[in-house]
Amino acid sequence: MNDVTQPGSDPRGVLLAARNVSKSYGNVHALRGVNFDIHRGQVTTLFGENGAGKSTLMKILSGVVQPTSGEIILDGQPVTFASATDARDRGISIIHQELSLAPNLSVRDNIFMGREISGPTGVDFAEEERQVRKLMADLEEDISPQTPVDELRLGQQQIVEIARALSVDSRILIMDEPTSALSATEVEVLFRVIRDLTAKGVSIVYISHHLEEALQITDHAVVLRDGAMTASAPRDRIDLNWIVRNMVGDNYDLGTPPLGYGFGDVALSVRDLTVRDPAGGFNLVDRLSLDVRAGEVVCIYGLMGAGRTELLETVAGRMRAASGQIVLEGHEVSHLTIAERIARGLALVPEDRQRDGLVQTMSVGENLSLASIRSFTRGLFTSTRLERQIVDSTIRKVTVKTSGGDATIGSLSGGNQQKVVIGKMLATNPRVILLDEPSRGIDIGAKGEVFRLLADRAREGLAVVYSTSEVGECLSIAHRIIVMHRGRISAEFDSSVTKEQIMAASGEAMVA
Amino acid sequence: MSETTAPRTTAKAEAAGGLGIGRLLLEGRAFFALIAIIAVFSVLSPNYFTLANFLIMSSQVAVYGILAIGMLLVILNGGIDLSVGSILALSGVIAGALMQGVEIAPLGVILYPPVWAVVVLTCALGALVGSVNGVLVAIFRVPAFVATLGVMYVARGIALLLTNGLTYNNLSGRPELGNTGFDWLGFNRLGGIPISVLVLATLAVLTGLMLSRSSFGRWLYASGGNERAADLSGVPVKRVQITVYTLSGILSAIAGLVLASQLTSAGPTAGMTYELTAIAAVVIGGAALTGGRGTVRGTMLGAFVIVFLANGLVIIGVSAYWQTVFTGAVIVLAVLMNSIRYGGSIRKR
């Protein structure tokens, strides 16, 4: 670990520090002797795969949990935070990864939830609204204080979450994945706000899975792996490769397009597909046509709101098309139900695996076999033996790391949960598989495994269509890259394209 | 990945090992509660542990148990069915009316359908009312609580309208009309076991098989656990939803027949608050009201616990008011234990 700077070598700029902090839950070591410095007026980014201990460390620094051993040093003095409120009173606030807004309340009420401004006649709503307007102006968002949060799209809700953290004047602001639902422009604005804050002396701790994005804003990088710190260095000494190397241990590879075989006939053909926005405005999908051949891997790239999810969900039968045709191996399927489409060989792996992919009350095995129950039903009853065969062979094929089919879903890591959802759909023996952001929220190691798995199936003649919002993932196993913008295909490339070309076609300005 | 998975599972296994006896008690709590109830009341009263009393109790269990099976199906789906007590009353009344003879005025004849036809027609009525619940919930997206609350009032109202508030007495039929045998369901025994208990046992076994071994059972657990995921996996979620409410309606009708047969009378006010007893049985049996978790075995134990407790309290002479208090305490205790059992997995996320 020659990249590690000596802790405490420059104590002058360090505002808050964790010294040799460990945290155990039972005999599980979430953190092992971690040293972490937050520099005054700078952005410190914490990198690490899922389960590396990032969130645990942030919870310790923001007073949500107490460390098992080690100490926290604030302004050179050892401190103990009794609670999150205690930490907040000392100027440390945190934006959690999961949104914690009350959807039924207005933006104003959410921002001042729990610390309403009192006036002579109860809550001083006028003053609260004035402050909200100012925050929104800083964030360049046109959101009225009176708007109920559930009328905002996800990205705007995230802005409200950020505004709430900003409304507390804190010295240290911890941001856990603040940009996951933001558009490129909104990210740009957020970064400007972060720079304004650091200029005022506020220290930022930033966590993101979006490595390239985080590199643009960070001043210091710290990498965690398996609960231990593997490296830390200032911005000028690091690059993407350095981060990834320290995160996963060695060079990573998301794969290359599978080669050495010819594509088959057109497996999926979408003709002039249009999906209307129930709320009015632009069509979500606008007269889009697309052909995918057997054995071909197609990547759909686009920003949030480009219509990727709507396209895939309409093809799979979740959403209704206003017009257009969906043809699977020569048969029109637009009038069929989801179940009938699955039976014909068209399967969707949804974007949100917790909400749409997994049944948490069922075991790993029951989840894996859920979409193919008919194949192991004999007469009235299901066959335990046939089901076990399907479950065991799927666990093997998609390499789910689990103690077996009877394990609970909650015992799996994010990447393995995603493999369960993919395995469930592959068990239906599809001809075409659609995957909406298959890499969302899983670490790089699992991403590589998922892509390798899909490439292998493509070689066997499966048509694969996946969507992504990370450019790097387009340049992995896809033979063809399609860029969507406002419901249409704005560009189509082969695998020799560069990242810059893809981003330019998506309407995404390159953030400097 | 494997690093995060492995410690979690070992931690869990360890916790389970450490709390071995506690967990056993928690898992089998309804069973142990039942044993405790029988033991305590047998000591307190010599009249409790007698064949006569067990026959009385089991015929009560039959009615509640049949209702609770239907309720379990609906609760597994993540819904609730408040209309079962009313459907029970309506079914009893319709069966009573059919037994008393249907007068077809224009022809000037009175039809006396045979008992099997009465049973079939009554079950069909239960299915119809249940499917109204199902369609309201699945197709029109009315919250289950509201839809079945409405149907509860409507069915009760119709039962009152049909009878003008009166009760059909003497449903034993007349030999010359060929419609005797209605009391067979409630009074007769087969090998010493009341027919109604055999009906309950058969229904419980069939439902248990359906839940554990049929694809419909799997669909039901999946759509109760996560409807969106089930839908995207090709589970016909709306069909499942309509089916469970329909089955609950049919089972309510069967319970209505059993009750009417036991009493050889059918009144429009029968089965008041039975829906709450059925819900209590399901909950005591360990099912989660959020859907996706629960078994027939548990629900049956729940029904036995409620009836055996209430009966024991009557026998030792506890006042009816205290009985209500005890029943309520048992329900709350059961739900408390449910949150201990399921809470762990939720907090982990």
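Visitor: Which residue stands opposite A:Ser269 in S16(A)?
Guide: A:Val327 does. Before we go on, this is a predicted model, where local features need pLDDT of at least 70, side-chain atom pairs count only at pLDDT 80 or more, and totals for chains, interfaces and linings use all residues. Residues are numbered from 1 along each chain as its sequence is written, while chains are lettered from A and ligands numbered from 1 in the order in which they are written.

Visitor: How do you know that S13 and S16 of chain A are paired?
Guide: Two strands pair if DSSP finds at least two bridges between them. Strand S13 (residues 266-275) and strand S16 (residues 323-328) of chain A have 5 bridges, in the antiparallel sense, so they meet that rule. By the way, strands (E, at least two residues) and helices (H or I, at least four) are DSSP runs, numbered from the N terminus.

Visitor: What makes S14 and S17 of chain A edge strands?
Guide: Each of them pairs on one side only. They belong to an open sheet of 4 strands, in the order S14-S13-S16-S17, with antiparallel pairing.

Visitor: Why are S11 and S12 of chain A counted as a pair?
Guide: Strand S11 (residues 220-225) and strand S12 (residues 228-234) share 6 antiparallel bridges, and two is already enough for a pair. A:Val222, for instance, has A:Ser232 as its bridge partner. The two strands form a hairpin with 2 residues between them, and A:Asp226 in the turn has a positive phi of about 50°.

Visitor: Which strands are at the edges of the sheet S18-S21-S22-S15-S23-S24 in chain A?
Guide: Those are S18 (346-349) and S24 (488-494), each pairing on one side only. This open sheet has 6 strands and mixed pairing. Its S18(A) and S21(A) (residues 432-436) run parallel over 4 bridges, with A:Leu346 opposite A:Val432.

Visitor: Now for chain B. How do you know that H7(B) has the span expected of a helix?
Guide: The expected span is 1.5 Å times one less than the number of residues. Helix H7 (residues 144-163) of chain B has 20 residues and should span 28 Å; its end C-alpha atoms are 28 Å apart, so the two agree.

Visitor: Which residues of H7(B) are buried?
Guide: They are B:Ala144, B:Ala147, B:Thr148, B:Val151, B:Ala155, B:Arg156, B:Ala159 and B:Thr163. A residue is buried if 20 or more other C-beta atoms lie within 10 Å of its own, exposed if 12 or fewer, and partly exposed in between, with C-beta atoms placed from the backbone.

Visitor: Why do we say that they line one face of the helix?
Guide: Seen down the axis of H7(B), the buried residues fall within an arc of 160° (taken from the directions from the helix axis to the C-beta atoms), so they line one face. An α-helix has 3.6 residues a turn, so residues three or four places apart point the same way. The face turned away from the buried side of H7(B) carries the exposed residues B:Val146, B:Tyr153 and B:Leu161.

Visitor: Why is B:Asn170 called exposed?
Guide: B:Asn170 has 12 other C-beta atoms within 10 Å, and the cut-off is 12 or fewer, so the name fits. Its place is in the loop between S3 and helix H8 (184-187) of chain B.

Visitor: What makes H12(B) largely enclosed?
Guide: 23 of its 27 residues are buried, so the rest of the structure largely encloses it. H12(B) reaches 39 Å from its first C-alpha to its last, close to the 39 Å expected. Just beyond it comes B:Thr264, with a positive phi near 40°.

Visitor: Which residues have the most contacts inside the largest nonpolar core?
Guide: B:Ile66, B:Leu67 and B:Val305, in a core of 188 residues. Helix H12 (residues 237-263) of chain B gives the most to this core, with 15 residues. A nonpolar core is a set of buried Ala, Val, Leu, Ile, Met, Phe, Trp, Tyr and Cys residues joined through C-beta atoms within 7 Å.

Visitor: What does B:Leu67 touch, leaving aside its neighbours within four places in sequence?
Guide: Its contacts (C-beta atoms, placed from the backbone, within 7 Å) include B:Val84, B:Leu88, B:Leu251 and B:Tyr274.

Conventions. Two residues are in contact if their C-beta atoms, placed from the backbone, lie within 7 Å.
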